[in-house]
Every structure is written in C-alpha cells, then in structure tokens.
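Reader: Please take me closely through the paired strands of this model, one partner after another, and then through what surrounds them.

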Amino acid sequence: QVQLVESGGGLVQAGGSLRLSCAASGRPFSTYTMGMGWFRQAPGKERDFVAATRWSGGRTYYADYADSVKGRFTISRDAAKNTVYLQMNSLKPEDTAVYYCAADTSTGVGPGRYDYWGQGTQVTVSS
C-alpha cells in the first residue's frame, strides 16, 4: 500500500509560481523502481496528464510533460523525504484545477498503471 498526500496548492496571480508536494509513504523511493505522476482536473473537464517521472534507486529513467506545461513546470523528487514535487512557474489562468499525484508501482523501465492516488490540492490562478 502506498499513501499519497499532496500539499502546496493555493491562489496565485497569473505569472506567479507554486510548488506542489506529494509525500509518499509505504514504498521508499531509494529502494524500489517506481514512477510518480501529476494530473489535474478542471471543473467540468476530464482529468489530464501534467507530468511524470520514473526511477530506480538513484537513476532517473525519464521525466515527461504535457505540451501545455513544457518549459514552465518541473517534476522532481527528494528520496530522503520520499516526496515528489511539481514546480510550477509562469502560471496561467488555464492552469486552474485540482492537482493530483499518483504512484505507479510497476517494476519495468517504462510507464505502468497508476494504482495509487492522492486526494488532490486546489490550484487557482487569477488573471
């Protein structure tokens, strides 16, 4: 079992920055191969992919981003804190959504299925 807790959401003006955190428990980052992703869901819309990363021990296999956030968002991890971050810069009103982190505990190099999800954190960008 993996438990995920997001934090760091809030209200920010367009052009501003936020850093979201996703603290994971139940699966030490330094011990296992796994992936973590960020998704978002705006009101009345489907949940969309934002960013993902996958690693094994200290080796990062990849970091991937949706086209809409490339160059503005950065996904990273801190193995010591078992936490994944999403640094969001140059925020736009269209980035407003509930942001969710998810864990993929499959053991391959490529992406698997996200089988654990956090509760979400609201990000609101005002114009």
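Author: Two strands are said to pair if DSSP finds at least two bridges between them, and the strands (E, at least two residues) and helices (H or I, at least four) are themselves DSSP runs numbered from the N terminus. The model is a predicted one, in which local features need pLDDT of at least 70 and side-chain atom pairs count only at pLDDT 80 or more, while totals for chains, interfaces and linings use all residues. Residues are numbered from 1 along each chain as its sequence is written, and side-chain values use heavy atoms, with hydrogens and water left out.

An open sheet of four strands follows the order E1-E3-E8-E7 with antiparallel pairing, and its edge strands, E1 (3-7) and E7, each pair on one side only. At one end of that order, E7 and E8 are joined in the antiparallel sense over six bridges, and Arg77 faces Val84 of E8 across the pair. The loop between E7 (73-78) and E8 (83-88) contains Asn82, a residue with a positive phi of about 50 degrees although it is not a glycine. Asn82 has a relative accessibility of 12% and therefore counts as buried, a word that stands for under 20% relative accessible area, with exposed over 50% and partly exposed in between (1.4 Å probe, protein chains only). The loop that leads from E8 to E9 (97-104) holds Ser90, which likewise shows a positive phi of about 50 degrees without being a glycine, but Ser90 is partly exposed, at 40% relative accessible area.

Strand E9 has seven of its eight residues buried, so it is largely enclosed by the rest of the structure. Its antiparallel partner E4 is joined to E9 by seven bridges, with Trp38 opposite Cys101 in E9. E9 also pairs with E11 in the antiparallel sense over three bridges, where Tyr99 stands opposite Thr121, and two further bridges link E9 to the antiparallel strand E10 (residues 116-117), in which Trp117 is the bridge partner of Ala102.

Trp38 and Tyr99 return in the largest nonpolar core, which has 30 residues and in which they rank, together with Met36, Leu86 and Met88, as those with the most contacts. Such a core is a set of buried Ala, Val, Leu, Ile, Met, Phe, Trp, Tyr and Cys residues joined through side-chain atoms within 4.5 Å. Among the strands that each supply at least two residues of this core are E7, E8, E9, E4 (33-41) and E11 (121-126).
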